[in-house]
Amino acid sequence: MIEQELIEQFYKTKYYISYSALSKLRFSPKLFFTHYILQQKEESVGAHLVEGRLIHCLLLQPELYEDQFYVAKSKLPSDNLKDIVDKIFKEHNCDDLSNYQDEILNILIEKNLYQTLKTDKQRLEKVITPITIDYLNDLVNSTGKSVIDQSTFDKCTRIVAKFKAHPDVIQHLGLELTEFDNCKVYRELEASCDLVDYKFGIKGILDTVIVDDVNKVIKIADVKTTSKTIPEFKESVEYYNYWMQAAMYVLLAKCYFMKLDYTYEFSFVVVDKYEQMYCFQVSPLSLDEWNNRFKEALNQAHYHYENRDYSLPYDYIVNKIML
């Protein structure tokens, strides 16, 4: 399908933008255009993202673990080699790497890997190894699940156990709430919302929502794994646009539950690289400020969407930026 056809297909149906897509649009409209409109999504998934997904699953929806994850029989290859095997398997559904040597060599050229070696034979010997062969077998046997190694499973299991023993985490995620507490708990709640004055909507998956009908409070909590430290998380809120996620999720909850006379609260449940844990409650003042900034982000997205202009970030299109 040619580029113009993909553009028309994207605009043919109403688009619901997620937090991650909106962040990408603000950071690099061209990347958003390639990823979401041309559907040329990145193939690789970083190990930290897989760990985050596994922690979410074990903590919030443990009953889905066996449907989503598969523990490899041996050590996983390096990220570069893993990406190559993933690509070959996805495109050819194969069970033998040696049958796709030309394809492997082309990927090595694209990635500029092992190009200093003198022969293709030497390059292929770097890729087709007992470890990558075992990993391909794991892909065949995992039937579409995410393949993880034993050490990743052990680490995430340990972190989840710590979460479940942490008093503040228990409270923010409602881990010990029962039907007798007059609260309803939602896990991984998929929600979407139409927006007034915008041709697109918003969508998201809310980790935990606690609806307290007695006190008329709806509490939203999002679990975060960070490669930094707890004291650095405030910087991450700004750098990764977590403030925008909080504002979006509160709006999604308001649309989903339609309880406008309730108070809405938001918190981040964070574990850092040292497995330190902390629950960051967001103040009403911050939520109000973030909501105003979120509206501005939606206005910027509206400009890109309406004008079909994904050449530069909004400020660089409409303003003259000087250093």
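## A salt bridge within helix α8

K121 and E125 both belong to helix α8, which covers residues 120-127. The two residues are four apart, or about one turn of the helix. In this predicted model, K121 and E125 form a salt bridge whose closest N and O atoms are 2.6 Å apart.

Are the two partners buried or exposed? K121 has a relative accessible area of 58%, and because exposed means over 50%, K121 is exposed. E125, with a relative accessible area of 45%, is partly exposed.

## Salt bridges between distant parts of the chain

The pair in α8 is one of 15 salt bridges in the structure. Another one joins the side chains of E8 and R308, with 3.0 Å from N to O. E8 sits in helix α1 (residues 3-12), while R308 sits in the loop between α14 and α15 (314-318), so this salt bridge ties together parts that are 300 residues apart in sequence. E8 counts as partly exposed, at 38% relative accessibility. R308 also counts as partly exposed, at 40% relative accessibility.

A further salt bridge is formed by the side chains of K259 and D213, at 3.8 Å from N to O. Here K259 is in the loop between α13 and β7, and D213 is in the loop between β5 (201-212) and β6 (217-225), so the pair ties together parts that are 46 residues apart in sequence. K259 is partly exposed at 24% relative accessibility, and D213 is partly exposed with a relative accessible area of 42%. Salt bridges can also be linked: R158, K162 and E275 make up a network of them.

## The buried face of helix α1

Helix α1 holds E8, which is partly exposed, but α1 also has buried residues, namely L6, I7, F10 and Y11. Seen down the axis of α1, these buried residues fall within an arc of 130°, so they line one face of the helix.

What do the buried residues of α1 pack against? Their packing partners are α3 (29-37) and α14.

## F153 and its contacts

F153 is a residue of helix α10, which covers residues 150-165. With a relative accessible area of 21%, F153 is partly exposed; this value can be set beside the cut-off for buried, which is under 20%.

Which residues touch F153, leaving aside its neighbours within four places in sequence? F153 is in contact with L54, Y65, V71 and I148. A246 is 93 residues from F153 along the chain, and the C-alpha atoms of F153 and A246 are separated by 29 Å.

## The second largest pocket

The second largest pocket contains about 460 Å³ of space. It is lined by 20 residues, and those closest to its centre are A247, V250, L251, K254 and N291. Three elements each give two or more residues to the lining: α13 (242-257), β7 (263-271) and α14 (284-307).

Which element gives the largest share of the lining of this pocket? That share comes from α14, with seven residues. Helix α14 is also one of the elements that the buried residues of α1 pack against. By class, the lining of the second largest pocket consists of twelve nonpolar, three polar and five charged residues.

Key. Residues numbered from 1 in each chain as written. Predicted model: local features only at pLDDT ≥ 70, side-chain atom pairs only at ≥ 80, totals over all residues. Heavy atoms only, no water. 1 Å grid on protein atoms, 1.4 Å probe; cavity = no way out; pocket = protein on both sides within 12 Å on 5 of 7 lines; lining within 4 Å. Points joined across faces, edges and corners; volume = space filled by probe spheres on them. Nonpolar A, V, L, I, M, F, W, Y, C, P; charged D, E, K, R; others polar. Salt bridge = Lys/Arg side-chain N within 4 Å of Asp/Glu carboxyl O. Buried < 20%, exposed > 50% of the residue type's maximum accessible area, 1.4 Å probe, protein only. Contact = heavy atoms within 4.5 Å. Arc of directions from axis to C-beta.
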